[in-house]
Amino acid sequence: MVPAMHLTSHRRSAVVLVLASSALLAACGTSSSTDASGSPSPTVVPSTFAPTTVTLLTHDSFAVTKSLLTDFTARTGITVKIVMEGDAGELVNKAALTAGNPEGDALFGVDNTLLSRALEAGVFDPYVSPAAASVPSALKVATKDAVTPVDYGDVCVNLDDRWFAAHKVTPPTTLADLTKPEYKNLLVVENAATSSPGLAFLLATIARYGENGYLGYWGQLRANGVKVVNGWTEAYEDTFSGGGGKGTRPIVVSYASSPPAEIVYAPDPKPTKPSTSVMTDGCFRQVEYAGVLKGTKNPLAARAVVDWLLSPAVQADVPLSMFVLPAVPGTPLPKVFTDFAATPADPLTLDPATIDKNRSAWIDAWDQVTLR
Amino acid sequence: MQPPSAWWFGLLPVAFVGVFFAWPLLTVLHRGLSPEGLDVLGSAATWRVVRFTTVQALLSTALTVALGLPAAYAVHRLDFRGRRLVLSMLTVPFVLPTVVVGAAFRALLPESWTGTLAAIVVAHVFFNIAVVVRVVGGFWTHLDHRWEDAARTLGAGPLTVWRTVTWPLLRPAVLAASALVFLFTFTSFGVVLVLGGPTTTTIEVEIYRRTVQLFDLPGAATLCVLQILAVLLVLVVAGRLQRRLSVRQRLARASVALRPVRAAADRTVLAVTLVEAVLVALPVLALVAQSFRVGDHWGLDWWRALGVEGPTTRDVAAWDSIRVSLSYAAAAVLIAVVVGGAAACAIAYTRRGGDLLDTGLMLPLGTSAVTVGFGLLITFAVPPVDLRGSWIIVPIGQALVAIPLVVRTVLPVLRSLDPRLREVAATLGSSPARTWRSIDLPVLSRALGVGAGFAAAVSLGEFGATSFLARTDAPTLPIQIGRLLSRPGEVNSGQAAALSVVLVVVTALAVLATERLRHPSAGAL
């Protein structure tokens, strides 16, 4: 173990050297890319750099195929150091606490439920990748041109098809169905106070029933025996009966991409089709963004990393690496996604600023109605 | 008698805890505390959380001590085959990461138990029985059994011997262990997050929720202060009691104290201990079974997958995680043993200042890990001491949690040293330094071995604090296990189970190895 630590410190000093030299380069770059008012001018990001390192802050679910990283380094001279900061909330709050003196150069993984907190704290040096020109405007709502949408996914109710077939019960198709007596004691959801899909589902009900109606809906869900557990793992793996879950409830709040994930992560021989399906009504759309951190000493290279996240290769990689959908339209999807991932026609959303302003009050009120 | 160097011993721990705990904590509290944060105290929900936290901690502590005492006696005083194995079985849970145990428990317990007080208390007993067995047992080993023999010779029955001799001698250690278990369970984070439900939540989890989910720093800071005050109260009361009950005695050599199982009472205690060991082993066995279960048959698929480096950045080869975990553990053990050893000496050799230091060192255990983590983040953010992203911050954070354990293990032994031994040495012309080397050091190093084992275990299994501290690109074993568990499907849960078994084995080996790293003269007393 001692040699291992030596190795790490050697590597570290090499990184320090690289960082020091890149800081010099970046100093020249900054003056040309930022005008006196501090707002970015449309400087074109160079395609190659002297060897430099960009630290990318991200959440624990981030993943990308390793060869794409090495290709990027070979092509541009930029080494990307990935630092996983915990869940998305932790990532954003750490960035907000250190705004202006960031731990890294770029950030990926702030989503639309957390975006306005990050923007208000001044976390980002505004930058939108040119590659985002073709991204649908629905994914750019409220980004204030400070960050670039990279991917999106939907939090949806998932169903255990086998259970419904075996019990000869018609599966629910709408949020309203979930309050009906035939689905009593069948639904498990995540705690909106501690879980990201849990919060997304609460937001979906607020988007559907309005601020005055959602508590009534949750009162009905409670009367119909909804079970609330703390996290996604407890819900899907322990309480849900489908998708390899060990529980007894056939309706769970999860993702539109859970059925393809069920296939990908099944042991060999893989099943030919998933045992679960997605209820496409009442889905909440989550969009994930990337941005350049304000105060980075390496802004141009950080921009190049944001551009890379929007590149065709990385966009094509996100479905199987992170089980989300690429933001750039026309990106080819893997077969398991085209076959089994649900695409809700009309996902629910809320304005990020509204979410940030009311989150605490909504969760407290939800807690009172659903849990006390 | 007070060795002249007592204050010097105190300097190191004061500096360490001051720089890496008090300063960041005050920085983050200064930033967070504001009048609006006090609103939290007016909310009924807050007091529900406070009440639940206290109730579950009291229940957990009482049950852990009740079940831990017979086991401590059996594995440290009785001579029976498989004694070391039983001791290891009882110790292993303490080092398991909560994410892993949470999953194992949820698989074993009926679904109706999830999110209940009972599930949390059972898990707390499972985790902390090792604390009682180790802290009390370590002390018990060195109790001079001739006192008990004398009482027995004078006609006392087993109960009378226990009531009049053993218990009074043992009380300080039991109190120390109870205080530790209470602190651990009062500030419990991982167990409550994983096994608790939305209505069964502790102050620590509520601070985490306010900090991470709501970004309500004022509310989190207020709760953090509330928790620290509660912990301080417990520490001060426990410290007073412990000092009052401490009896100076000559400690015996460990091996001499073991005795064969003869009395009926001993047999009963042994039987209870064996049952406990088996129960405690169940979740671990469930993990082992899961790691070999592939679909509907048995196989090595998940074990083979561990050695293969997967295609994405999230797939880390098991070897890398083991290497990272061991590197952190080596550094954490070194820091904890040096700082904790110095602290124990300072506390044992001084009176008022020692108590203060003792309490100060325990505070990190009672302080929200997420608060300290955020504090470190904003405190050490300015070059040249920008420690963010540096690997050293992780073992430092782990050492903060491990130091009190080292102190708890060493202090009762050091305090019980008969001062006449030192006086005799001084009378014979020995210098203070030489006296310390020949009288204190052998006892100290023996106890430090046990403390080092604790520190290694804390470092290897620690999930809470590490996950809030600066992360390098290399995850530790518990963090990698947590990441695997957060993904769906058997490929991930199977590998998580296999990696958990690896963690158990690595930790068991590391604990055994560190415990053997004792001063050569240890046991020569």
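## A two-chain model, starting at A:Pro344

Setting aside neighbours within four places in sequence, A:Pro344 is in contact with A:Asp154, A:Cys156, A:Ala256, A:Thr280 and A:Cys283 (contact here means that the C-beta atoms, placed from the backbone, lie within 7 Å). This is a predicted model, where local features need pLDDT of at least 70, side-chain atom pairs count only at pLDDT 80 or more, and totals for chains, interfaces and linings use all residues. Residues are numbered from 1 along each chain as its sequence is written, while chains are lettered from A and ligands numbered from 1 in the order in which they are written.

Back to the proline. A:Pro344 sits in the loop between α12 (335-340) and α13 (352-371) of chain A; helices (H or I, at least four residues) and strands (E, at least two) are DSSP runs, numbered from the N terminus. A:Pro344 counts as partly exposed because 17 other C-beta atoms lie within 10 Å. For that label, a residue is buried if 20 or more other C-beta atoms lie within 10 Å of its own, exposed if 12 or fewer, and partly exposed in between, with C-beta atoms placed from the backbone. A:Val54 is 290 residues away from A:Pro344 in sequence and 36 Å away in space, C-alpha to C-alpha.

**Chain A as a whole**

Chain A has 13 helices and 10 strands. It runs to 372 residues, of which 53% count as buried. Take the contacts in chain A between residues at least 6 apart in sequence: 76% of them join residues at least 24 apart.

How does confidence look? The pLDDT (the predictor's confidence in each residue, from 0 to 100) averages 87 in chain A, and 88% of the residues score at least 70. Residues 1-41 of chain A have a pLDDT below 50, and this stretch has 38 contacts in the model beyond near neighbours in sequence.

Now for a strand. In β6 (residues 187-190) of chain A, A:Leu187 and A:Val189 point one way, A:Val188 and A:Glu190 point the other way, and all are buried. β6(A) pairs in the parallel sense with β8 (residues 251-255) of chain A over two bridges; pairing asks for at least two bridges found by DSSP. Three bridges also join β6(A) to β7 (residues 227-229) of chain A, again running parallel. A:Val188 has a partner in each: A:Val252 stands opposite in β8(A), and A:Lys227 is the bridge partner in β7(A).

Two loop residues in chain A have positive phi values without being glycine.

| Residue | Phi | Loop in chain A |
|---|---|---|
| A:Asp145 | near 55° | between β4 (124-125) and β5 (148-160) |
| A:Lys168 | near 50° | between α5 (161-166) and β6 |

A:Asp145 is exposed because 11 other C-beta atoms lie within 10 Å. A:Lys168 counts as exposed too, with 6 C-beta neighbours inside 10 Å.

**Chain B and its helices**

Chain B averages a pLDDT of 83, with 91% of the residues scoring at least 70. Confidence in chain B is lowest in helix α11 (residues 254-257), at a mean of 55, and highest in α2(B), at 93. Over residues 519-525 of chain B the pLDDT falls below 50, and that stretch has 14 contacts in the model beyond near neighbours in sequence.

α9 (203-214) of chain B is mostly covered, with 11 of its 12 residues buried. Among those buried are B:Ile203, B:Tyr208 and B:Gln213. The cover includes α3 (88-97) of chain A, along with α2 (44-77), α8 (190-195), α10 (217-245) and α16 of chain B. After α9(B) comes B:Phe215, with a positive phi near 55°.

Helices α6 (residues 145-153) and α7 (residues 158-186) of chain B pack at about 145°, with their axes 10 Å apart. Those axes are lines fitted to C-alpha atoms over the stretch in contact, and angles run from 0 to 180 degrees between N-to-C directions. On the α6(B) side, B:Trp147, B:Glu148, B:Ala151 and B:Arg152 meet B:Val161, B:Thr164, B:Val165 and B:Thr166 of α7(B).

**Where the chains meet**

The contact takes 51 residues from chain A and 49 residues from chain B. On the chain B side, the largest share, five residues, comes from α9(B). The model's scores are ipTM 0.80 and pTM 0.83.
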